[in-house]
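Student: I would like a close look at one part of this model. Which helices and strands each supply at least two residues of the lining of the largest pocket?

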Amino acid sequence: MYRLTCDIEISTTEGVIRFDHAESVNIQKHSDTLCDTATVTLPRRIRWRNVERNPIRRGDTIRISLGYDGRNHLAFVGYVRRVLPNTPMQIEAQDPMCAFQTREAKKKAYTSTTLNQLLADQGLNAEIKGTQSIGAYRVECNTVSELLDALKKQGIRTMMRIGAGSEPKLYAGLAMSPSDARTFDFDDHRNVVSRANLKYEPADEVRFLVRVKNNSTVQKGKRQNKSIKPVEVGYKDGELRTFNVINMTESEMRTYANEQLAKLKQDGLSGSLTVFGGEMIDKLDAVRLTLDGEESGTWQIEKNDIAWGSSGFRQTLTIGSKL
C-alpha cells in the first residue's frame, strides 16, 4: 500500500520552515482564472523550533511537493496570502501571478501593436506562440493584473505553469500550446479512479453556436478605434464556443467559424475524470484516453483540482479541446 508523503517549504523572515506532513492540501490549477491557488491545512499539534510563535506571514514564498513513499513531485509554487488561525491552522496561497495585483501598469497608447510588445512594455517575459498583432490598443488599467484580466475578456489568456520544471513560467496569447506541454496516458481499466463526470456526445446530437471575435481594431478617428463585429454560425440554441482571432476580414472569419463548427460536430467527450496522484498534471498538458478498451483521442487539460489528504491523493481533470 502506498504511503502519502509531502514536502512543504516556506521561506520566512525567521528562516526556512519545512513540513513533511499535513492534514490536507488542495490545489486549483485553472486556465480560466489569473491565479492558481492552494490551501494547506497543517497538523493540529505544531511545535515551532527556535521561535516563540508562528513565523509564517503574508508574502512568504511557499513550495509544495506531493507524492507517495517519498517520491514527491512539485505541485505548487507561490506566495502566502493569508494565514487562518483556525484549529488546525490553514495557509492560503496564490501562484506568482498574484504579484501583478499590486504592480502598477504603464499607461500607454498604441496605434498598432502586438501582444508581444504590449507585455514586454509592462516588464513581462511571456512565452507567446508567434507574433500576435492586436492592432490599436490603449492601456488605461491601474495594475498589471487588471490589464491581464481585460485581455482575458478579449480571449487573450495569460497564466503561469510549472509543467515538469522547477519554477513557474509565464504563457500568453490567443493560441495556448506551451512548448513544454506533456502528454499522459490514462486507461479507465488501469489508472482512472472515476469517469462518472465524463460525457460522450455523438456527432448527430452535438449542437454548437460558434462565435468568432476579431481582437484587432481599425482606426476610426485620431482618438477612436473601431472594433470589428463578431461572426456567428451554427445553432442559436446550441452551446456557445468563442474563438478569438487577429487580422481577419469578415469573409475569413466566417470561413474560420465554419471550419471550427465542422471540427466540433464530431463524436466527442466533455466533462472531467478523476485520476490518482503521482506526477503532477498541469493545465494545458494533454491526456491520451483509452475508454472501454478503445482509444478516445488526446485532449488538452483546462483545469486540475488536486486533493491530497486522509482520503487519498487525487487529480480531477477537466478536459477541453481535442488535440
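Tutor: Two helices and five strands do so: helix 2 (144-153), helix 3 (250-264), strand 16 (208-219), strand 18 (239-245), strand 19 (268-276), strand 21 (294-309) and strand 22 (312-322). Helices (H or I, at least four residues) and strands (E, at least two) are DSSP runs, numbered from the N terminus. The model is predicted: local features need pLDDT of at least 70, side-chain atom pairs need 80 or more, and totals for chains, interfaces and linings use all residues. Residues are numbered from 1 along each chain, and side-chain values use heavy atoms, without hydrogens or water.

Strand 18 contributes the most to this pocket lining, 7 residues. The pocket holds about 1600 Å³ of space. Its lining counts 44 residues, and Arg241, Thr242, Phe243, Glu302 and Ser321 lie closest to the centre. By class, 15 of the lining residues are nonpolar, 15 polar and 14 charged. A pocket is an open set of points on a 1 Å grid, with protein on both sides within 12 Å along at least five of seven lines; lining residues have an atom within 4 Å of a point.

Now the enclosed spaces. There are 2 cavities of 30 Å³ or more, a cavity being where a 1.4 Å probe fits but cannot get out. The largest cavity has a volume of about 50 Å³. Lys29, Asp36, Phe76, Val77, Asp95, Met160, Arg161, Ile162 and Pro168 line the largest cavity. Of these, 5 are nonpolar and 4 charged, with no polar residue. Strand 6 (71-84) and strand 11 each supply at least two of them.

Strand 11 deserves a closer look. It spans residues 157-161, and 5 of its 5 residues are buried (under 20% relative accessible area, 1.4 Å probe). Arg157, Met159 and Arg161 point one way from the strand, while Thr158 and Met160 point the other way. In a regular strand the side chains alternate between the two faces of the sheet. Thus Met160 and Arg161, both in the lining of the largest cavity, point in opposite directions from strand 11. Strand 11 runs antiparallel to strand 12 (residues 169-173), joined by 5 bridges; pairing takes at least two. Arginine 157 has glycine 173 of strand 12 as its bridge partner.

The second largest cavity holds about 30 Å³. Its lining is Leu34, Cys35, Met97, Phe100, Gln101, Ser145 and Leu148. Here 5 residues are nonpolar, 2 are polar and none is charged.

Key: Grid points are joined across faces, edges and corners, and a volume is the space filled by probe spheres set on the points. Ala, Val, Leu, Ile, Met, Phe, Trp, Tyr, Cys and Pro count as nonpolar, Asp, Glu, Lys and Arg as charged, and the others, Gly among them, as polar. Buried means under 20% relative accessible area, exposed over 50%, partly exposed in between (1.4 Å probe, protein chains only).
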